[in-house]
Amino acid sequence: MKPIYLDYNGTTPHDPEVIAAMRPFLEEEFGNPSSGHLYAVKPRQALNAARRQVAGLLNCAPEEVVFTSGGTEANNWAIIGTARALRGRGRHIVTSSFEHPAVMNVCAFLEKEGFETTYLPVSGIGMVEVADVRAALRPDTILVTIMHANNEVGTIQSIAEIAALARSRGIRMHTDAAQSLGKISVDVNALGVDLLSMAGHKLYAPKGVGALYVRGGLALETFMHGAGQEMGHRAGTENILEIVGLGQACEVAARNLEQNRRHMQAMRDRLHLAIATGLTQVRLNGHPEMRLPNTLSLSFRDLEANRILEAIGLEVAASAGAACHADSVEISHVLKAMAVPVEWAKGTLRLTTGRMTTITEIDRAADVIVKSVRAMREEQGKRGEGGG
C-alpha cells in the first residue's frame with residue numbers, strides 16, 4: 001500500500017481532466033503554434049484557449065497572462081524585470097523575511113547589481129503588518145513583493161491592503177500566489193496587484209509550466225530574448241502540452257473552488273483534531289484562521305522532524321520544517337522568521353491535504369502519527385531514566 005499523500009503544498013498529482021486535455025497534444029497535435037500551416041491551427045487555438053482559462057481564474061484579460069516555465073521563472077521575471085525597467089526611478093525593494101527562496105534569492109541577486117532590499121519581519125503567526133510595510137516605503141522604492149499565502153504554515157497575507165498602500169505611492173506590487181490558487185479566491189482586481197506568479201504543479205497541472213499576470217500597460221524588461229513569442233514578452237516556442245494542462249487545471253479550479261476549499265479544510269481540521277486529541281505538547285504554527293484551508297503546520301516539542309518522518313514514512317508522506325543532524329538543527333527560515341522556539345521548531349511537520357484526500361486516509365494518517373510520536377516519547381523517556 002502506498003503511503004498516504006499529505007504533501008500537496010510540495011506538489012499535486014495531475015487532475016484526470018488535465019491529463020485528458022493534454023493527451024491530444026502528446027499523441028497527435030505536435031505542431032508549432034507559430035507556424036503558418038494547418039499543423040499549427042489546433043496548437044494555436046489551444047494556446048489561446050488556455051490563456052482564457054487562466055485569465056478566467058484570475059479575473060483578468062487573456063492578454064495579461066504570460067506563460068512561463070513555472071513559478072520560479074515568473075517570480076524572477078516579475079522582480080528582475082521590474083527592477084531593471086524602473087532602476088532610473090529607484091533601487092529599493094520591500095519584501096518579507098519568510099518569502100519563498102524564488103523571491104528572497106532573486107532579491108539577493110539584485111543586491112549585487114546595486115539594488116537594496118528591506119526584509120520585513122513577520123509576527124508569531126506569520127503575518128506581515130501593513131504598518132511595517134508603510135514604514136519601510138521610501139521615495140526610491142519601486143517594488144513591494146509579498147507572497148499571498150505562505151507555503152509552510154499557510155498564513156494568508158493582507159495583500160489587498162498592502163497593494164492599496166503601494167499603489168497610493170506609485171509603487172509596483174507583486175505577489176507570489178503559487179500556493180493560494182485553487183484553494184482560495186485569487187482575483188487580481190480585488191487584490192489590486194500589478195504582478196502575480198503561479199505554478200502549474202501546485203494546481204494539479206504538470207511541473208515545468210506556470211504563468212505571470214502582468215497588468216495591462218506595465219513595463220517589464222524582457223527576460224527571455226528570441227523570436228518574440230508570448231506577445232513579445234517571453235521568447236521560446238510555447239510548451240503547448242503543459243500550457244493546455246495548466247489551462248484545464250485553472251478551469252477545474254474555478255468551477256469547483258468553494259467545494260474543494262470546504263473539502264480540504266474539513267480534512268485538515270479532522271487531522272488536526274485527531275492529533276491534538278491523541279497527543280500533548282503539540283503546537284499549531286501560522287494564523288489559526290487566516291490560513292490556507294489545506295495547510296497544517298504542527299510542532300512536536302523536543303522531537304526531531306526527520307526522525308518523525310522516518311517513523312511514519314512507510315505510511316504517511318509529509319514534509320519537515322527542520323532538518324536535524326548529529327550536531328546541529330537546521331530550522332526553516334519561515335519558522336525562524338516567526339521566532340518559533342527551537343524546542344518546538346525542530347519537531348515541525350507540514351501536513352497538507354488536497355482534493356483527492358479521503359476521510360479514511362486522514363484517520364489512518366492521524367493514527368500512524370499519534371502512535372509514532374507516542375512511541376518516540378516513550379523511548380525518549382526511557383533514555384532519560386537510564387541516564388539519570
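# A tour from the α1/α8 helix pair outward

Begin by selecting helices α1 and α8, whose axes come within 8 Å and cross at roughly 155°. Because angles over 145 degrees count as roughly antiparallel, that value makes α1 roughly antiparallel to α8. Keep in mind throughout that this is a predicted model. Looking along the pair, you will find that α1 passes α8 in a right-handed crossing. To see the contact itself, show the side chains of E17, V18, A21, M22, F25 and L26 on α1, together with I240, L241, V244, G245, Q248, A249, V252 and R255 on α8. As you compare these positions, it helps to recall that an α-helix has 3.6 residues a turn, so residues three or four places apart point the same way.

**Stay on α8**

Now select α8 alone, residues 240-255, and check its length: at 1.5 Å a residue its 16 residues should span 22 Å, and the end C-alpha atoms are 22 Å apart, which agrees. How many of its 16 residues are buried? The count is 12, so that the helix is mostly covered. The buried set consists of I240, E242, I243, V244, G245, L246, G247, Q248, A249, C250, V252 and A253. If you display what surrounds these buried residues, you will see them pack against α1 (16-27), α2 (41-58) and α9 (257-278), and also against the strands β2, β7 and β8 (210-214).

**Into the seven-stranded sheet**

Three of those neighbours lead to the next selection, an open sheet of seven strands in the order β2-β8-β7-β6-β5-β3-β4, with mixed pairing. At its edges lie β2 (65-68) and β4 (116-120), each of which pairs on one side only. Neighbouring strands of this sheet are turned by 20° against each other on average, direction ignored.

Within the sheet, pick out β6 (residues 172-176) and β7 (residues 195-199), which run parallel and are joined by three bridges. Which residue of β7 is the bridge partner of T175? Selecting L196 in β7 gives the partner. Then add helix α6 (residues 159-168), which packs on the sheet and touches β5 (141-145) and β6, its direction making about 160° with that of β6.

**Two arginines**

Select R51, which you will find in helix α2. Is R51 buried or exposed? Its relative accessibility is 7%, and R51 therefore counts as buried. Leaving aside residues up to four places away in sequence, R51 touches P62, E63, V65, V66, F67, E230 and M231.

Move next to R89, in the loop between α3 (71-85) and β3 (92-96). With a relative accessibility of 47%, R89 counts as partly exposed. Its contacts, again without residues up to four places away in sequence, are D140, T141, I142, G170 and I171. A distance label from the C-alpha atom of R89 to that of Y213, 124 residues apart along the chain, should read 23 Å.

**Strand β10 and its partners**

Now select β10, residues 295-300, a mostly covered strand in which six of its six residues are buried. In a regular strand the side chains alternate between the two faces of the sheet. In β10, T295, S297 and S299 point one way and L296, L298 and F300 the other way, and all are buried.

Add the strands alongside: β9 (residues 282-285) runs antiparallel to β10 and is joined to it by four bridges, while β15 (residues 348-352) is also antiparallel to β10 and is joined to it by five. S299 is a useful residue on which to centre the view, since R283 stands opposite S299, and T348 in β15 is the bridge partner of S299.

**Two loop residues with positive phi**

Finish with backbone angles, remembering that most residues other than glycine have a negative phi. Select Q281, located in the loop between α9 and β9, where phi is near 55°, a positive value in a residue other than glycine. At 42% relative accessibility, Q281 counts as partly exposed.

The last stop is A339, which lies in the loop between α11 (333-337) and α12 (342-345). Phi of A339 is near 60°, again a positive value in a residue other than glycine. Its relative accessibility of 61% means that A339 counts as exposed.

Key: Residues are numbered from 1 along each chain as its sequence is written. This is a predicted model: local features need pLDDT of at least 70, side-chain atom pairs count only at pLDDT 80 or more; totals for chains, interfaces and linings use all residues. Side-chain values use heavy atoms; hydrogens and water are left out. Two strands pair if DSSP finds at least two bridges between them. Axes are lines fitted to C-alpha atoms, for helices over the stretch in contact, and angles run from 0 to 180 degrees between N-to-C directions. Contact means heavy atoms within 4.5 Å. Buried means under 20% relative accessible area, exposed over 50%, partly exposed in between (1.4 Å probe, protein chains only). The expected span of a helix is 1.5 Å times one less than its number of residues. Angles under 35 degrees count as roughly parallel, over 145 as roughly antiparallel, 65 to 115 as roughly perpendicular and the rest as oblique. A crossing is left-handed if the near helix is turned anticlockwise from the far one by less than a right angle, and right-handed if clockwise.
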